[in-house]
Amino acid sequence: MKRPVSSTVSRLWPNATALVLFVVFAFPVYWMFATSLKPAGDIIADDPVFLPTNITFDHFQKALDADHFWTLVGNSLTVTVLAVVFSLVIALLASFALARMRFKGRRGFILTFMIAQMAPWEVMVIAIYIIVRDADLLNSLVPLTVFYMIMVLPFTVLTLRGYVAAVPKELEESAMVDGCTRRQAFVKVIFPLLAPGLMATSLFGFITAWNEFPLVLILNKDAEKQTLPLWLSSFQTTFGDDWGATMAAASLFAVPILVLFVFLQRKAVSGLTSGAVKG
């Protein structure tokens, strides 16, 4: 039995729109990787080369051989992972309290988190610098970790609060009737069902902390105490920007995000189905 023409058309235009949007958003990423593989002559050619034929890895080698590269990789991973882990631990406890408990000032507390999420942190740059300077923590990874955690904490709390509130209270109460304490009920019942929320918020926190540029530029002048976003701005010569090395460096910088996204996307789906079965 053939489908009506109207049904086929109604299915066609959303798919066509999605395809166009995919091309628009994916092309800059493709161009970055393609440029990193082109010889210098093809990069500055008058006629753009959309499909590189003479592939070279010299730009990647130059990026990998740059000063302090592996040190900055370690710095970025350290501050990003610690900020994400600390924010998840704090947000997990705070979101459970906001979703399950009723206390005076609860609504005001939630409103404060929303305001903190909306307010641009750039307005606090001067205050942050003065605090870090007076604490003698300039050129240190400690303040970066703390402030990155603060930056992602409001979003993490509000998002996890929604996941906790979506879990029926009856599941937790049933576990407590069966002999579990509130802590055991949280660990055995609530926590497995929060896997999708934990994955989503950790991905957001990782991207936010991994890409942050202005704060480290202000607080860390020591080249060995900086992070990878500042390193991307270092590929300049007396003749201008070295676009091949810059694109190769940007590709190396983007790979951890792409890998983490693919990994967490699968884990989020499996965590959702696993939690539903265990619940």
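Here are some questions and answers on the predicted model shown above.

Reader: Let's begin with the overall build: how many helices and strands does the protein have?
Author: Happy to start there, with the model being a predicted one. Of the 279 residues, 36% are buried. As for secondary structure, the count is 13 helices and two strands.

Reader: Which share of the contacts with a separation of 6 or more joins residues 24 or more positions apart?
Author: Contact here stands for heavy atoms within 4.5 Å. Among contacts in the protein with a separation of 6 or more, the share from residues 24 or more positions apart is 71%.

Reader: What part of the accessible surface belongs to carbon and sulfur atoms?
Author: The protein has an accessible surface of about 16,900 Å². Carbon and sulfur atoms hold a share of 69%.

Reader: Which residues form the salt bridge, and are they buried or exposed?
Author: A search of the whole structure gives one salt bridge, with its closest N and O atoms 3.3 Å apart. Exposed means over 50% relative accessible area, so Asp134 at 57% is exposed. Arg133 has 42% and therefore counts as partly exposed. The pair is Arg133 and Asp134.

Reader: Where does Leu93 lie, and how much accessible area does its nonpolar patch have?
Author: Leu93 lies in helix H4, residues 69-100. Patch members need over 30% relative accessible area, and Leu93 is exposed at 58%, so Leu93 passes that cut-off. Its partners in the nonpolar surface patch are Leu77, Val81, Leu82, Val85, Phe86, Val89 and Ile90. Together with Leu93, they have an accessible area of about 660 Å².

Note on methods: Residues are numbered from 1 along each chain as its sequence is written. This is a predicted model: local features need pLDDT of at least 70, side-chain atom pairs count only at pLDDT 80 or more; totals for chains, interfaces and linings use all residues. Side-chain values use heavy atoms; hydrogens and water are left out. Helices (H or I, at least four residues) and strands (E, at least two) are DSSP runs, numbered from the N terminus. Buried means under 20% relative accessible area, exposed over 50%, partly exposed in between (1.4 Å probe, protein chains only). Accessible areas come from the Shrake-Rupley method with a 1.4 Å probe; for residues, only the protein chains shown count as cover. A salt bridge is a side-chain nitrogen of Lys or Arg within 4 Å of a carboxyl oxygen of Asp or Glu. Patches are made of residues with over 30% relative accessible area and no salt bridge: like charges are joined within 9 Å, nonpolar side chains (Val, Leu, Ile, Met, Phe, Trp, Tyr) within 5 Å.
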